[in-house]
Structures are given as structure tokens and as C-alpha cells.
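Hi there,

Here is the structure I promised to pass on. Have a look at it first, and my notes follow below.

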Amino acid sequence: MFRYVRWMALLSGLTAAPVLGATALQCVPYARIVSGVEIYGDALTWWDQAQDHYKRGSIPKKGAVLAFRPVGPMTLGHVAVVSRILDDRRVLIRHANWSSPGAIEEDVLAIDVSDAGDWSQVRVWHSPTGQMGARINPTFGFIYPTRAKLHPFTPDPALGSSLRYASAAADTGDGEDGAELAPLPRAATRVASVQTHAMVAAVSPKPAAPRRKAAPRIEADPFIIEYADNSPSDRSLGDVIADVKRESLMN
């Protein structure tokens with residue numbers, strides 16, 4: 001019975017993201033509230049739903065929703081809200097359920113790494129490791145709200161449990177467009193938490209790292225945490241199940 005439960009948990013984790021499912025805050029309600037874009041349903045459907053209702057394009061604008069294509073473990077796509085334009089290739093975004101289940105990340109870096117410079121491929125800040133994520137994420141483009149305005153988000157247990165990470169922008173003290181941003185410390189600080197269901201966010205007692213005016217690291221890190229921000233695994237489902245079986249026999 002124990003092995004059966006473990007296999008079922010593993011399979012469910014490979015077919016849906018995040019692992020905690022409906023118990024964790026999802027990206028869709030967060031993006032809808034912050035952007036004011038009234039679209040419902042899975043993130044992968046937002047781009048098509050926006051047709052004839054909202055303008056769409058490949059140029060980032062404050063308050064616009066960046067719609068991600070499904071890739072790897074991110075089977076339902078993803079949506080994030082642009083909070084600031086830094087330059088042609090860099091923006092700050094606000095989004096939820098990216099670096100860890102239910103996590104809220106505000107004003108973190110996203111970089112256009114597409115050859116055409118059309119934001120069709122991006123890399124996104126990973127708060128737990130304090131650096132850019134290793135995976136290149138394909139996108140549909142930007143959905144522009146009727147009125148470009150960032151709305152505040154108040155954690156609501158009805159939307160699922162959540163925790164809030166410190167933002168990259170908060171560490172620099174710079175609030176103007178185009179400012180150079182220092183990356184977060186490698187051990188990112190969780191600055192606030194909301195306790196709902198079984199999730200509790202710990203507040204780090206470590207002192208803040210000194211501010212530095214430096215470009216963020218964008219090289220791939222092989223030790224990055226395995227979640228939606230990572231490179232997808234090359235291993236087949238059969239290989240993963242075989243590993244679980246071997247581990248169960250050893251215990």
C-alpha cells in the first residue's frame with residue numbers, strides 16, 4: 001500500500017503543476033486581480049480568449065499580462081503581470097505559483113532571450129536561489145488591459161495558501177524605470193507569509209545582503225531547484241518509476 005501511494009503521488013506530480021494543486025494560490029487569479037484583465041480558465045487559454053476582447057502584442061507595457069506557453073512540467077501554461085519596463089530586453093513582473101507552490105513574487109526580473117527580440121522566449125528570476133532560472137520559457141506574447149494599472153493583491157485563503165518572497169527590486173532601493181537592479185542574495189528571504197491549510201512560510205533571520213549595482217546573473221545553474229522554472233527532465237516516465245521502485249525495495 002505504501003509503495004502504491006508513493007507511485008500515485010509521483011504520477012500526479014508529473015501530470016499537473018503545482019504539486020499542491022488547488023490548495024496553493026494559482027497564477028491565474030493572482031494575474032487577474034493585479035492586472036484587471038477579466039479572463040478565466042487555465043493560463044494556456046488566455047491568449048486565445050483575449051482575442052476580440054483585449055489588444056495583444058509582442059511589446060511589453062506596464063500592467064500587461066505576459067502569457068506563457070505550456071512547457072515541461074508547466075502543463076497549464078502561466079501568466080504574469082509586467083510591473084516595470086527596464087529596457088528593451090528586461091522587465092519586472094509580478095506573478096504567483098512559479099518558483100514554489102503558491103509563492104507570490106513581486107517585481108522580479110524577466111529577460112527576453114529570443115533571437116528576434118520579440119519576447120517569444122524568456123528567462124525568469126528564481127527567488128529561492130536568488131538568480132535567473134535556467135530554463136528558457138516560450139511565450140505567446142502580451143495581453144494589454146483596457147486600463148494599464150497595477151492593482152494590489154491581498155492574500156485570501158479562499159484562493160489557496162500562499163507565501164510572499166522578497167522582490168529583487170526591494171533589495172536595491174531603486175524605484176525608477178531603467179535602474180540597474182542588484183540580484184537577491186542566494187538564499188532569498190521570505191518577507192511575509194499567509195498560513196492556510198498546511199503551508200507555513202518561514203521568515204529568514206539572516207541580515208540583508210549589502211546592496212550592489214550589478215547586472216543579474218543569467219548563466220544556467222545545474223543546481224537550481226527542480227520546479228517550473230527549471231529545465232525539463234530528459235528522463236522518461238518509465239525511468240522515474242523504476243527509480244521509485246528501486247528506492248522502495250531498499251527501504
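Let me start in the strands: L66 of β2 has A80 in β3 as its bridge partner. Strand β2 (residues 65–68) and strand β3 (residues 78–87) run antiparallel and are joined by four bridges; two strands pair here if DSSP finds at least two bridges between them. β2 also has four bridges to strand β8 (residues 137–144), again antiparallel, and there V65 stands opposite I143.

Before going on, a word on the source. This is a predicted model, in which local features need pLDDT of at least 70 and side-chain atom pairs count only at pLDDT 80 or more, while totals for chains, interfaces and linings use all residues. Residues are numbered from 1 along each chain as its sequence is written, and side-chain values use heavy atoms, with hydrogens and water left out.

Back to β2. In a regular strand the side chains alternate between the two faces of the sheet. In β2 both faces are covered, with V65 and A67 buried on one side and L66 and F68 buried on the other. Buried means under 20% relative accessible area, exposed over 50%, and partly exposed in between (1.4 Å probe, protein chains only).

As for the whole protein, it has four helices and ten strands, in the order α-α-α-β-β-β-β-β-β-β-β-β-β-α. These are DSSP runs numbered from the N terminus: helices are H or I with at least four residues, strands E with at least two. Of its 251 residues, 44% count as buried. The exposed surface is about 12,800 Å², with carbon and sulfur atoms supplying 57% of it (Shrake-Rupley method, 1.4 Å probe; for residues, only the protein chains shown count as cover). Among contacts with a separation of 6 or more, 63% are between residues 24 or more positions apart, where contact means heavy atoms within 4.5 Å.

Two loop residues may interest you as well. S114 sits in the loop between β5 (103–112) and β6 (121–126) and is buried, with a relative accessible area of 3%. A polar atom of its side chain lies 3.1 Å from the backbone nitrogen of G117. Leaving aside residues up to four places away in sequence, S114 touches R89, W119, S120 and Q121.

E38, in the loop between α2 (27–35) and α3 (46–50), is partly exposed at 47% relative accessibility. With the same sequence neighbours left out, up to four places away, E38 touches R32 and Y54. E38 and P145 are 107 residues apart in sequence, and their C-alpha atoms are 8.7 Å apart in space.

Best wishes

Notes
Polar contact = N/O pair within 3.5 Å; in protein donor to acceptor, adjacent residues only side chain to side chain.
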